[in-house]
Amino acid sequence: MAFCDESFLLSGDTAAALYHEVAARQPIIDYHCHLCPRAIAEDRRFEQLHAIWLDGDHYKWRAERANGVPEPLVTGAASPREKFQAWAETVPHTVRNPLFHWTHLELRRHFGIDELLDGDSAERIWTEANRQLATGDLTARGILRRMNVEVVGTTDDPADDLTWHEAIRRRPFGTAVVPTFRPDAALRLHDPDRVRAWARRLADAAGTGADTLAGLAAALDRRHADFAAVGGRATDHGLSRIPDVDGTEAEAAAVWERAMAGTPATPAEADAFAVWLLRHVARLNHAKGWALQLHLGPFRDPNPRLGRLLGADAGCDTIGDARQGPGLVRFLGGLAAEGTLPRTILYNINPADNALFAALPGSFQDGTIPGLVQWGSGWWFMDQERGMRDQLNMLSDLGLLSRFVGMVTDSRSFLSYPRHEYFRRILCDLLGADVDSGRLPADPEWRCHRLAPLVAAVCAGNARGYFGFAGSAS
Ligand SMILES: [Zn+2]
């Protein structure tokens, strides 16, 4: 079997048929990522391979640091070519890390380059990729078109104006680009100067003051409606865990108003405020039929030295081990009790929480929308082959794989779309193996009318229906 060929990750004929005849033909609905809406609006042409492939990619930076590469060659002052060389020399050391697969899939799928990347091939690959980036259709929009991306859900702060999203809608191009409302900046109450500056920006964007809790709520409501007007269908929230507290309005008002006066919140006060904020947004989502995405579990900036040197989102975070169950159950239970539980997707970062996240949604269904509450795809430290297999298997064991809204890139790079191919191959391999071993029917009728639609649904159809995206002709 050749490396990364047509049958990559597909161990039998059934798996190959499911992948090539069904999965590979589905459009991509990338409902959660961190692509830059301005780059899409302006159809950015990337200056060179570093700008599109390494810049902002903390997975690669982390591998380089683990390989002993000094920081100037990772995120520092070295030239793009020097940084690319450092990455190329690291790639052979990423064997069995998903970066080894992603790297070579991305070179093949976007640039048609089959050569393995290492220190020796770096110059040839740099020259050829840059030639294509300068002249071909590998622009922001060109890549989305070539990858058959039907929807991109970017991640946006409610204080951001939606200029670039509006610009994209004025000049549509076949991929729907929708904003996702992510109000995490409101939660940094240990740093009142920062949160006050954010509240001022939010007030400007909403046209209403945000220095009282009622003002903040009104500003968030206004921006939620503004996001809806440009296609928004979801919010997203990143926390170490949902605090196991009530988070009453009176508590939240006291904490917020003290922060606006310059007093930092204690951890317990910040917890109460976070639960109030999440509940407020969940109610808005329920009213509009939006989805609430909860990304739970990272331990942010465990290394103060790297934190000071590099700032946030630079590849220094790790897997946290906070208890997830109590706060989640209390939060979802409260919403269910008052009849405002929205569509909810739960993402865990710690594989030790897999069974919890797979089982818990089953207790919060309400017989309206299939998979109303569901477990999200393998995320961050779990989006490699093992993490995806574990997630798909545990989901199958404890929930309904058939209702799963599927994969997201969660990426900052336009070149990450082969991650959907990676996921689809693994999905088809699992199902194909079940057919070949008699765990699922081999009957061609059943395959055609039951199994193939399941594959198509998990690849694209479920996400389209769940979020209410308009959908393409496919
Ligand atoms: Zn994300």
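Which residues line the largest cavity? In this predicted model, the lining of the largest cavity is made up of Asp 55, Gly 56, Asp 57, His 58, Tyr 59, Asp 410, Ser 411, Arg 412, Ser 413, Ser 416 and Arg 419. The space inside the largest cavity amounts to about 80 Å³. Its lining divides by class into one nonpolar, five polar and five charged residues. In total, four cavities of 30 Å³ or more were found in the structure.

The second largest cavity holds about 60 Å³ of space. It is lined by Trp 53, Asp 57, Lys 60, Leu 99, Trp 102, Thr 103, Glu 106, Ser 413, Ser 416 and Arg 419. Helix α6 (residues 98-111) supplies the largest share of this lining, with four residues. Three of the lining residues of the second largest cavity are nonpolar, three are polar and four are charged. Asp 57, Ser 413, Ser 416 and Arg 419 appear in the linings of both the largest and the second largest cavity.

Asp 410, which is part of the lining of the largest cavity, is also a ligand of the zinc ion. The zinc ion is coordinated by NE2 of His 32, NE2 of His 34 and OD of Asp 410, at 2.0 to 2.1 Å. Along the chain, these donors follow the spacing H-x1-H-x375-D. His 34 is located in the loop between β1 (28-30) and α2 (37-41), and Asp 410 in the loop between α17 (385-398) and α18 (418-436); the pair therefore ties together parts that are 376 residues apart in sequence. The two residues fall into separate accessibility classes: His 34 has a relative accessible area of 22% and is partly exposed, whereas Asp 410, at 14%, counts as buried. The cut-off for burial is 20% relative accessible area.

The largest pocket contains about 1500 Å³ of space and is lined by 42 residues. Among these, Arg 182, Asp 184, Arg 188, Gly 238 and Arg 300 lie nearest the centre of the pocket. Two or more lining residues are given by each of α4 (58-66), β4 (234-239), α13 (267-288) and β6 (298-299). The largest share, four residues, comes from α13. By class, the lining of the largest pocket comprises 16 nonpolar, eleven polar and 15 charged residues.

Strand β4, one of the elements that contribute to the lining of the largest pocket, is mostly covered, with five of its six residues buried. β4 runs parallel to strand β5 (residues 291-296), and six bridges join the two strands. Within this pairing, Leu 239 has Leu 296 of β5 as its bridge partner.

No disulfides are present in the structure. For Cys 459, the nearest cysteine sulfur is that of Cys 428, 6.0 Å away; a disulfide requires the two sulfur atoms to be within 2.5 Å, so this pair does not qualify. Cys 459 is buried, with a relative accessible area of 6%. Cys 316 likewise counts as buried, at 8% relative accessibility.

Note on methods
Residues are numbered from 1 along each chain as its sequence is written. This is a predicted model: local features need pLDDT of at least 70, side-chain atom pairs count only at pLDDT 80 or more; totals for chains, interfaces and linings use all residues. Side-chain values use heavy atoms; hydrogens and water are left out. Donors are N, O and S atoms within 2.8 Å of the metal (3.2 Å for Na, K and Ca); water is not among the atoms, so sites may look incomplete. Buried means under 20% relative accessible area, exposed over 50%, partly exposed in between (1.4 Å probe, protein chains only). On a 1 Å grid over the protein atoms alone, a cavity is a set of points where a 1.4 Å probe fits but cannot get out, and a pocket is an open set with protein on both sides within 12 Å along at least five of seven lines; lining residues have an atom within 4 Å of a point. Grid points are joined across faces, edges and corners, and a volume is the space filled by probe spheres set on the points. Ala, Val, Leu, Ile, Met, Phe, Trp, Tyr, Cys and Pro count as nonpolar, Asp, Glu, Lys and Arg as charged, and the others, Gly among them, as polar. Two strands pair if DSSP finds at least two bridges between them.
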